[in-house]
Amino acid sequence: NRRRLTFSPGYFGRFSWSPRGHLIAFGGRDSAGAHALYVVNPDGSNTTHLTGATGFTSELAWSPDGTRIIFDCVVDAGNADICAIAPDGTNFARLTSDPAWESRGAVAPRDDRLAFLTTQFGPDPEIAVMAFDRTLTRVAAGTAAMAPKWSPDGTRLIFTGAIATGWSGTPC
């Protein structure tokens, strides 16, 4: 039952199933060659282009309730941020706006906290957790990190971290 879901020469390297499995979000290039975010039905029908000038730069994730897609974006030239949009293309929101680089948002499974990478605290990316009221908490201060993921109950984060001797391939 193999099906082709995309029909564009653009790069489509990031995919994510919606929590209920009724949509697939993916990144690619639009007709002008800009990075863009799309959703499509699992049977390949109804491809919908979601992002306009904000673009889609790399990572994407669904909120646990399936009402938002969280993705890396560029709203202001040269400023990497995290944005959200509804799967029908409405309710666009810029979740981060600090001049620092911010990327790889992960929504907690049972509430609206967002873990992400940021350079707000120094040159190396660290993990911060932000409630959707914009309250920010620094996680593992001074630890360069990558790839934050929430535990199923939302009480802990796992990530790849750098120890004083360099990057560790072991999750922290």
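Let's start at I69. Setting aside its neighbours within four places in sequence, I69 is in contact with A25, L37, V39, L50, L60, A61, W62, C83, A84, I85 and P87. Keep in mind as you look around that this is a predicted model.

That list of contacts leads straight into the largest nonpolar core, which has 13 residues. I69 is one of the members that touch the most others there, together with L37, L60 and F71. Where do these core residues come from? Strands β3 (35–40), β5 (60–62), β6 (69–74) and β7 (80–85) each supply at least two of them. The top contributor is β6, which gives three residues to this core. There is also another core, lying apart from this one. It has 10 residues, and A106, L117, W150 and F159 are among them.

Now go back towards the start of the chain and pick up strand β2, residues 24–29. Is β2 mostly covered or mostly open? It is mostly covered, with five of its six residues buried. On one side, β2 partners β1 (residues 15–17): the two run antiparallel and are joined by three bridges. To see the pairing for yourself, find S16, which stands opposite A25 in β2. The hairpin of β1 and β2 has six residues between the strands, and in this hairpin G21 takes a positive phi near 80°.

Strand β2 also pairs with β3, again in the antiparallel sense, this time over six bridges. Here you can look for R29, whose bridge partner in β3 is H35. The hairpin of β2 and β3 has five residues between the strands, and there a glycine turns up with a positive phi too: G33, near 90°.

These strands also carry some aromatic rings worth a look. How many aromatic pairs does a search of the whole structure find? It finds two. Take the rings of F26 and Y38: their centres are 5.3 Å apart and their planes sit at 10°, so this pair counts as stacked. The cut-off behind that word is an angle of under 30 degrees between the planes. F26 belongs to strand β2 and Y38 to strand β3, 12 residues apart, and the pair links distant parts of the chain. Both F26 and Y38 are buried. Add F15 to F26 and Y38, and you have one aromatic cluster.

How values were computed: Residues are numbered from 1 along each chain as its sequence is written. This is a predicted model: local features need pLDDT of at least 70, side-chain atom pairs count only at pLDDT 80 or more; totals for chains, interfaces and linings use all residues. Side-chain values use heavy atoms; hydrogens and water are left out. A nonpolar core is a set of buried Ala, Val, Leu, Ile, Met, Phe, Trp, Tyr and Cys residues joined through side-chain atoms within 4.5 Å. Buried means under 20% relative accessible area, exposed over 50%, partly exposed in between (1.4 Å probe, protein chains only). Helices (H or I, at least four residues) and strands (E, at least two) are DSSP runs, numbered from the N terminus. Contact means heavy atoms within 4.5 Å. Two strands pair if DSSP finds at least two bridges between them. Rings of Phe, Tyr and Trp (its six-membered ring) pair if their centres lie within 6.5 Å; planes under 30 degrees apart count as stacked, over 60 as edge-to-face and the rest as tilted.
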